[in-house]
Structures are given as C-alpha cells and as structure tokens.
Amino acid sequence: MRSLDKFKIWVLLICLVSELGHGFYLPGSYPHKYGVGDFLNVKVNSLTSIDTELPYSYYSLPFCQPQEGVKDSAENLGELLMGDRIENSPYRFKMYMNETEIFLCQTKPLSGEEFKLLKKRIDEMYQVNLILDNLPAIRYTRKDGYFLRWTGYPIGIKVQDAYYVFNHLKFTVLVHKYEETNVARVMGTGDAAEVISTIGNGGSEAPGYEVVGFEVVPCSVQHTPDSVKNLNIYNKYPTPIKCDPTTVAMAIKENEPVSFTYEVNFVESDIKWPSRWDAYLKMEGAKVHWFSILNSLMVITFLAGIVLVIFLRTVRRDLTRYEELDKEAQAQMNEELSGWKLVVSDVFRAPSNPALLCVMVGDGVQILGMGVVTIMFAALGFMSPASRGTLITGMLFFYMILGVVAGYVAVRLWRTIFCGNHKGWVSVSWKAACFFPGIAFFILTTLNFLLWGSHSTGAIPFSLFVVLILLWFCISVPLTLLGGYFGAKAPHIEYPVRTNQIPREIPPQKYPSWLLVLGAGTLPFGTLFIELFFIMSSLWMGRVYYVFGFLLIVMILLVVVCAEVSLVLTYMHLCVEDWKWWWKSFFASGSVAIYIFLYSVNYLIFDLKSLSGPVSATLYLGYSLFMVLAIMLATGTVGFLSSFWFVHYLFSSVKLD
C-alpha cells in the first residue's frame, strides 16, 4: 500500500512538472473553454471617474437592463470595500459568431431629472466599465502618434452646448484556440466550474476557444424612433450602422428616448491565456517606472551603506577604546568623549505614557507584518488584478491573524518597562486590540456618511459594517487577548544596568531635539516616494499596479533605512546626555508619515487637478490620513525596536560599575 501511495505521489509530481510547460495557473485564475456558439455574458461594474472619485451603479443612469432583471454577481469582501458593484448586463455574444446591427433597447423618454443627471455624469467624465470572462473592456485611442490604453469608455461627450451619448458599441473579442493537454484540470471563471478530463481523448472534435482580449469602440449614432418601434431585444437593426468614433450624432434631449445597439467581431489571436493581462499591465510610463525604481534603489542603498559603515565604525571604536583603559582613565574619558555612558542610570527609565507606546508598537508590528505577508503573496501572483478584491480581503485576513503578535509584543514590552510586573496586561491587550481599528472605524464611518449622502456605490452597506464589527470583536480582539496572555507568561527582557530613583538632569541643547527627529523622516521618504507615485496613480487614477516584486524590495529597504536612521539619532541623543530616547526613536522613523501626507496634498493639488467638489477632496484626504497613520505605526515600530535592541546591546557590552 505504501509503495502504491509513493507511486501516486511521483505521478502527481510528474504531472505538475509537465504542466509547467503549458503555463502555471494560480488559484482563482483558471481558464474557461468555450465552444463555438456558446453564450458569453458581459457584466458591468460601477461607473467611475477620476474627476470625483465617487463610484455609482451602472443602472443609476437610463441604460438598457437585462431581460432576466438586474442581478448582483458573486462579490467578496474586498470588492465591496473598494466600491465595486458587478452586475449582469443585456450585452451577450455567441462564441466565434460575428454579429452586427444588434438592437438592444429604446429607453423611455428622458425625464427632466434623468436628463440633468446624464448631463452631469458626462461633465464629470464618468466611464462605463464592462467585463467579459473577468477581463475589463479596454479602449485604444491615438494621440500624437502613440496608442493610449484606457479601461472602459466614457458615457458621452459635450460638444459646444450639446451633450452626446455613446449609444452604439463596437466590440472586438480576441480568442485563442484551446490547447489540449494530457492532464485533467479543473477550470472555471468563478461563476461555474467544470472538470474536463482529457486523458485518453484524442481531442474533442469541436474546437474550443479561450477569451484573451476584450476591446470596445464607443460611437454616437443617430437612431430614428420609427425604425426601432417594432424591434425587440437582439433583433437586427433595419439599416446598416457605421461606427465612426471621430464623429457624434446622438444628442440627448429632454422627453426624447435613446436607442442602444452594438456589434461584435471575434478575432483569433496568438496571445495565450496566461498572457492575456499583458495589455492592461503595459501602461504608459512603464520604462520611466522601472528606471526610476532602480535608480532610487541604487541611491538609497548607497546612502544607507555609508550611514551603516560610519555608524558601526564610530560605536566600535568608542567601545574598544573605552574597554582598553583602566578605571581612572575611563572616569576621565567619560566627560571628554562619551557622553552616553553618563546616562547609564537613566537610559532605561520608563518613558512618559508607557501604555500608549506599548499599544502603538504592538499595532505597528501587526500592520508591518500584514504589509510584508500581503506583498509577498501578491508578488507570487496569488493576488493578481484578475482576482478583484483579493488584495483587500487578504490584508484583512492577515491583519486579524496577526493580532496574536500585536498582543504579545505590546504586553511583553509593557512587562519589560515595569521590570516584569504583570499588573495591567489585560488593559494593554484591550487597548492594542482597539487603538488602530478604532481610529480606522471612526475615519471610515465619517467618510461613509459622505458616500451615503452622495448615493455612491463606494458607501459600505450597513450589513457589511455589521460583518466588519463582528470580525473585529469576534476574531481580532480574542486573538489579541490571546497574544497578550502569551506575552504575560513570557519572560520579560532584563535591563543590563540599574536605574536610579532620581532622574539625571538633561543639559540644555543647542537646538530642539524634536526638530532633528522630524527631519529624520526625509531619508526613509526617499526610499519610497517614487513607488508612492505609482501606488497613488493606481488608487486615484484607475491604473493597474502590478510590480509587487519591486514593492517588496522597496519595503525591505525602507525597513533597513528606518532602523538605521533611528539608531543614529538615538546614539546622537545619548551622546549629548539626553536619555529620553523612547518616543524619539519611534518618531525618528515614524516621521516619514508627515512627508507622505505632504506628498498626498501635493498630489491632490498638482496631479488631481480635475478633482471637483468638497466631498471628493474630503474623501481623498480622509483615506490619505488613514494610510499615513498606518505607515507611521509601522515605520515607528521598526525604529523603536531597533533602537531598543541597540541601547540594550550597547550598555550590556560595556564594563560598568
């Protein structure tokens, strides 16, 4: 029996290795084979605009509705939080069967309210987002000799004082002939899955195809009401329709209906299924993107190396010279060279607001761990753009699970500060479980009221609010308390020196120490400001962000630079006999959040010039504040923990009486 099991394992491994030659498909991204004549159903997502950043439902405007009624597609938690509302649409195709002049519907005469709303959405540059086989519709435009790629198409356009709607769509579906393999695999698009066994088959007689591209050309065509009077959905339009995207003809008017038609053309393509997202990822500025990131990595690595080398040489030389001298020479050297040894009895004195520091460090470890794990999974391809919402869902999942680490770190640091005292660990665990989620809940609730007031699909439904609260108090809080329990049982970190009862007076400084702390954030900011531009463009300009491998490298480099900056500033403060290093080490690296927020304001003013309305600006600044708070906790935690390790190592390495 055991030999049979081993044989099965080896067969499975051989099948997996052979499958690598035909493309490796990650979970949630399996291809779907369609036979000729099979129905392809197009879905619609929320209407979006970079002018307002407020998504709205597709059917909030007078568009054609499907015969079976509007139905929501399967959505995950991440899609709901991102404002995606994927629904069915009346557009449907038959695989590899070209169709032209297909009549869709004629709307009722536009009421005054519908007419005003349609004009408003055209002025605000809203885009219609269509989806076929999980691929967004892509639109190509030519400008200055270059082809520009856009996802979706505009609702309409304003020419002089008239408003024109794009009521005829020319679809091009790129298909690739399905390549049979000798391995049975499970396929599906998320709506349905089918097991196709190909072992022993000579290949099916009817060819199968995979959808590898979905392009759309919007046109404004004038339809006469009389010509569509007796037409039903999917009937042939009586006269030929010429789709010319450079001209507009269908002007919308109050109390007049709008007719919608479409055509579809299937083109066989050499693009294979694993490469079908390349058209979306090859956005303009890619070369600048790669060059800028590489340049930033090289410069920051060079600077960080210099700081590290200088710092290690200075400390090592100081320690070596100090240990080689006798006690009398050490006493004389204390005043002349090494001011940090004068604060030996105060360096581990408890900081002000110790509970808040422990809570912020615990939450920072949780956020940092969530970011690293999520980016690692994204870099491996498990959270690709094809799987909508998985990035946000994964972040929530990892954040909740890492509550154990947050509670453990916060309580153990609390016990270390108070030399092993168990008292108060439950309170610290509760605060760690509620501090950052509580602030996030307050910000999101405030912004959600604005979205509710605007009737935007970006508003989180009340039922989802209940789900988030249940996840918080039924999973995250208990896990954080469990981590706090383990932290209370773990041995605390013992200080290498004793602390006097009377604190030492700190000599007056030539310059405010907090000024240096706030300025220290410029170096960590230099590691990520280029990458930050592309992340902001992805969030607010509708571009696809996909270089998670580079983002992981930048994040690792950011952690290293934050640690180095905090170490240097802590050593500088100790050398001038300033023993209050706890909070300063936290904000030395955490101050990078200030520069990120200033960059966000700069991005709002100069890159989002078209952003209109106080609601849109408030949403932007609110989400930016939320992001900045998370970054401050994560980077501040890196700086504090590295400084704590350094101070503990420094004073435990010197022979002191």
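This is a friendly conversation about how the terms used for this predicted model follow from its values.

Reader: Let's start with the whole protein. How many helices and strands does the secondary structure come to?

Author: There are 17 helices and 17 strands. Of the 657 residues, 49% count as buried. As for contacts with a separation of 6 or more, 82% of them are between residues 24 or more positions apart.

Reader: Glu53 caught my eye. Why is Glu53 counted as buried?

Author: Its relative accessibility is 17%, and buried means under 20%, so Glu53 falls on the buried side of that cut-off. You will find Glu53 in the loop between β2 and α2 (77-82).

Reader: Which residues is Glu53 in contact with, leaving aside its neighbours within four places in sequence?

Author: Those residues are Leu539, Trp540, Leu608 and Leu611.

Reader: On to the sheets. What makes strands β2 and β3 a pair?

Author: Two strands pair if DSSP finds at least two bridges between them. Strand β2 (residues 39-44) and strand β3 (residues 87-94) have five bridges, in the antiparallel sense, so they meet that condition. One position to look at is Asn41, which stands opposite Arg92 in β3.

Reader: And how do you know that β2 also pairs with β6?

Author: The reasoning is the same in kind: three bridges join β2 to strand β6 (residues 130-132), and at least two are needed, so this is a pair as well. The two strands run antiparallel. Val44 has Leu130 in β6 as its bridge partner.

Reader: Why are β3 and β7 said to stand at the edges?

Author: The open sheet has four strands in the order β3-β2-β6-β7, with antiparallel pairing. β3 and β7 (135-136) each have a single partner strand, so one side of each has no neighbour in the sheet.

Reader: What makes β3 a mostly covered strand?

Author: Six of the eight residues of β3 are buried. Strand β13 (residues 168-177) is also described as mostly covered, with eight of its ten residues buried.

Reader: Let's stay with β13. In which sense does β13 pair with β16, and in which with β17?

Author: With strand β16 (residues 208-219), β13 pairs in the antiparallel sense over ten bridges. With strand β17 (residues 259-268), β13 pairs in the parallel sense over eight bridges. To find these pairings in the model, look for Leu174, whose bridge partner in β16 is Gly213, and for Phe171, which stands opposite Val264 in β17.

Reader: Now the helices. Why is α10 called roughly antiparallel to α11?

Author: Helix α10 (residues 425-453) and helix α11 (residues 462-489) pack at an angle of about 160°, and their axes are 8 Å apart. Angles over 145 degrees count as roughly antiparallel, so α10 is roughly antiparallel to α11. Their crossing is right-handed. The residues of this contact divide into 17 nonpolar, six polar and no charged.

Reader: Then what makes α15 oblique to α17?

Author: The axes of helix α15 (residues 582-590) and helix α17 (residues 614-652) come within 7 Å and cross at roughly 130°. That angle is not over 145 degrees, and the roughly perpendicular range is 65 to 115, so the pair falls among the rest, called oblique. The crossing of α15 and α17 is right-handed. Among the residues that meet are Trp582, Phe586 and Phe587 in α15, and Met632, Phe640 and Phe644 in α17. The contact divides into seven nonpolar, eight polar and no charged residues.

Reader: Why are α7 and α10 oblique to each other?

Author: The axes of helix α7 (residues 354-379) and α10 cross at roughly 55° and come within 9 Å. Roughly parallel needs an angle under 35 degrees and roughly perpendicular starts at 65, so α7 and α10 are oblique. This crossing is right-handed. The residues that meet include Leu356, Asp363 and Ile367 in α7, and Lys431, Phe435 and Phe436 in α10.

Reader: How do the residues of the contact of α7 with α10 divide?

Author: They divide into ten nonpolar, no polar and two charged. Asp and Lys count as charged, and Asp363 in α7 and Lys431 in α10 are among the residues in this contact.

Technical notes
Residues numbered from 1 in each chain as written. Predicted model: local features only at pLDDT ≥ 70, side-chain atom pairs only at ≥ 80, totals over all residues. Heavy atoms only, no water. Buried < 20%, exposed > 50% of the residue type's maximum accessible area, 1.4 Å probe, protein only. Axes fitted to C-alpha atoms, helices over the stretch in contact; angles between N-to-C directions. Left-handed = near helix turned anticlockwise from the far one by under 90°. Contact = heavy atoms within 4.5 Å.
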